[in-house]
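Trainee: Could you take me through one part of this model in detail? I'd like to understand how two helices pack against each other.

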Amino acid sequence: MEYSKKVMEHFTKPKNMGEIKNPDGIGTVGNPVCGDLMKITIKVSKNKKGKEVIKDVKFKTFGCAAAVATSSMVTELAKGKTLNEAEKITRNDVAESLEGLPPLKMHCSNLASDALKEAIKDYRKKKNK
Amino acid sequence: MKIYLDNAASTKVSKEVLEEMKPYFSKEYGNASSLHDFGQRAKKALEKSRRIIAESINAETEDIVFTSGGTESNNFALKGVAFANKEKGNHIITSSIEHDCVINSCRWLEKQGFKITYLPVDKDGFVSPEDVEKAITKKTILVSVMHANNEVGTIEPIKEIGRVCRKNNVYFHSDACQTYTKIPIDVQEMNIDLLTINSHKIHGPKGVGALYIRKGVRIEPLMHGGGHEFKKRSGTENIPGIVGFAKAVETAKKSDITHMTKLRDYLINEIEKRISEIILNGPKGEKRLCNNVNFSYRFIEGESILMRLNEKGVMVSTGSACSSNSLEASHVLLAMGRKHEDAHGSIRMSLSRDNTLEEIKYVVNQTEKTVSDLRKMSPLWNR
């Protein structure tokens with residue numbers, strides 16, 4: 001598979017790999033039957049302006065090199081951002097930051113931004129309970 | 001360090017083969033159909049090669065037809081026999097774990113009105129000769145079952161299947177791309193009517209193969225033209241390729257098989273000893289092809305394993321959907337009853353006579369580390 005340098009970097013040395021203990025939000029997307037499963041955990045705190053920001057974020061991924069690299073990249077993009085900003089990260093943003101993905105991988109393995117959105121949704125749901 | 005463990009995909013052309021081929025590019029470049037000296041020299045090289053290959057499978061020399069490789073030979077066998085025998089019947093029997101070129105030829109034949117039975121296999125990938133016999137009807141014209149599977153190395157009982165076919169007066173074809181020179185083949189004793197073999201899996205060049213067609217088998221050509229290859233396959237013969245193919249056959253040694261078998265068993269044993277939660281795909285022991293190792297590493301995905309190993313200089317292949325253009329997991333592993341997620345985690349390592357124990361030791365270490373690293377990353381792994 002022909003991957004960009006950036007994809008290989010994030011695949012071989014992924015950032016923020018792991019799971020946050022007692023996370024504020026959890027997002028899981030994908031299905032191992034299809035070959036991809038991603039789990040994103042986040043910790044949320046307020047910044048000086050009183051806005052909710054992603055203080056910490058970690059991922060765990062079952063999947064191909066593209067799945068791992070997009071997971072790693074989305075955590076990098078989300079870290080320190082406000083929830084409103086982080087929610088707006090798209091699949092395309094992730095792919096672009098990775099200097100592109102093979103066309104075949106654009107849909108099936110590019111679920112990381114969805115997992116992040118799920119984690120934020122989960123945080124809000126818990127908060128509003 | 002580069003360690004090549006994808007020899008079921010293709011092999012390195014050996015020195016002897018390359019040397020043998022060289023003169024036929026720019027010195028002995030005649031067309032084997034020409035009557036002059038250059039042509040006759042090409043013809044002589046062609047016929048010598050044909051003899052070598054025929055003898056290697058106990059066939060008549062004129063029953064060997066050279067082709068462009070395994071895919072063409074399999075297409076030729078299936079479509080050629082189907083169209084030449086459609087007065088007799090329209091039913092073909094094959095297995096559900098054949099190479100894509102057999103499966104997709106069958107699918108195409110279905111569109112032309114032929115009926116195909118895809119026989120199931122057991123958990124180790126074996127086709128049952130009894131199933132073959134039960135599937136044969138009055139309309140059956142051909143049975144095609146591979147000699148050994150390319151992904152999992154299961155050696156099929158083709159001698160027994162050959163006997164069933166002969167008894168029922170049905171043609172028997174076998175795809176021997178993976179086994180040729182690795183397992184002795186005798187087309188007489190095994191009752192084989194058509195046999196696919198090729199060159200680049202045995203340290204010969206790419207782009208050349210052959211189809212053995214027993215005298216009297218009714219077959220339509222796919223290629224029409226100048227009537228080359230006993231009017232069965234037109235097109236100027238690829239003399240350098242054919243000469244290289246024959247040299248590859250001549251230089252295959254019994255000791256190569258012993259060497260590969262030893263490395264295979266070492267690799268299987270070490271991986272089983274050192275890595276937990278794995279499934280060996282295919283059987284153990286003498287029913288397994290001498291150069292095939294295929295494991296599913298549970299809770300992780302094959303393309304990731306492949307790419308990580310590649311970073312460390314180890315080249316392997318996977319049955320994961322993520323590595324295929326179709327985004328479908330290996331049809332072979334699914335037919336053997338593997339779950340999708342386990343098929344995704346499969347890695348094939350296929351050896352050649354050139355691999356060393358040193359290399360295999362390195363591969364075991366790197367595989368252990370890679371699997372452990374990826375499992376730490378997997379949400380399905382909870383230890």
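Mentor: Happy to; here is a close look at one helix pair, followed by a strand from the chain that holds the pair. Please keep in mind that this is a predicted model. The pair is helix H11 (residues 302-311) of chain B and helix H14 (residues 357-377) of chain B. Their axes lie 10 Å apart and meet at an angle of about 130°. Angles over 145 degrees would count as roughly antiparallel and 65 to 115 as roughly perpendicular, so H11(B) and H14(B) are oblique to each other. The crossing of H11(B) past H14(B) is right-handed. On the H11(B) side, the contact is made by B:Ser304, B:Ile305, B:Arg308 and B:Leu309. H14(B) meets them with B:Gln366, B:Thr367, B:Thr370, B:Val371 and B:Leu374. Sorted by class, the residues of this contact are four nonpolar, four polar and one charged.

Now to the strand. Strand S3 (residues 91-95) of chain B is mostly covered, with five of its five residues buried. B:His91, B:Ile93 and B:Ser95 point one way from S3(B), while B:Ile92 and B:Thr94 point the other way. Both sets are buried. S3(B) also has a partner: five bridges join it to strand S4 (residues 115-119) of chain B, and the two strands run parallel. To find one of these bridges on your screen, start at B:Ile92, whose bridge partner in S4(B) is B:Ile116.

Conventions: Residues numbered from 1 in each chain as written. Chains lettered and ligands numbered in written order. Predicted model: local features only at pLDDT ≥ 70, side-chain atom pairs only at ≥ 80, totals over all residues. Axes fitted to C-alpha atoms, helices over the stretch in contact; angles between N-to-C directions. Helix = DSSP H or I, 4+ residues; strand = E, 2+ residues; numbered from the N terminus. Parallel < 35°, antiparallel > 145°, perpendicular 65-115°, else oblique. Left-handed = near helix turned anticlockwise from the far one by under 90°. Contact = placed C-beta atoms within 7 Å. Nonpolar A, V, L, I, M, F, W, Y, C, P; charged D, E, K, R; others polar. Buried ≥ 20, exposed ≤ 12 C-beta atoms within 10 Å, placed from the backbone. Pairing = 2+ DSSP bridges.
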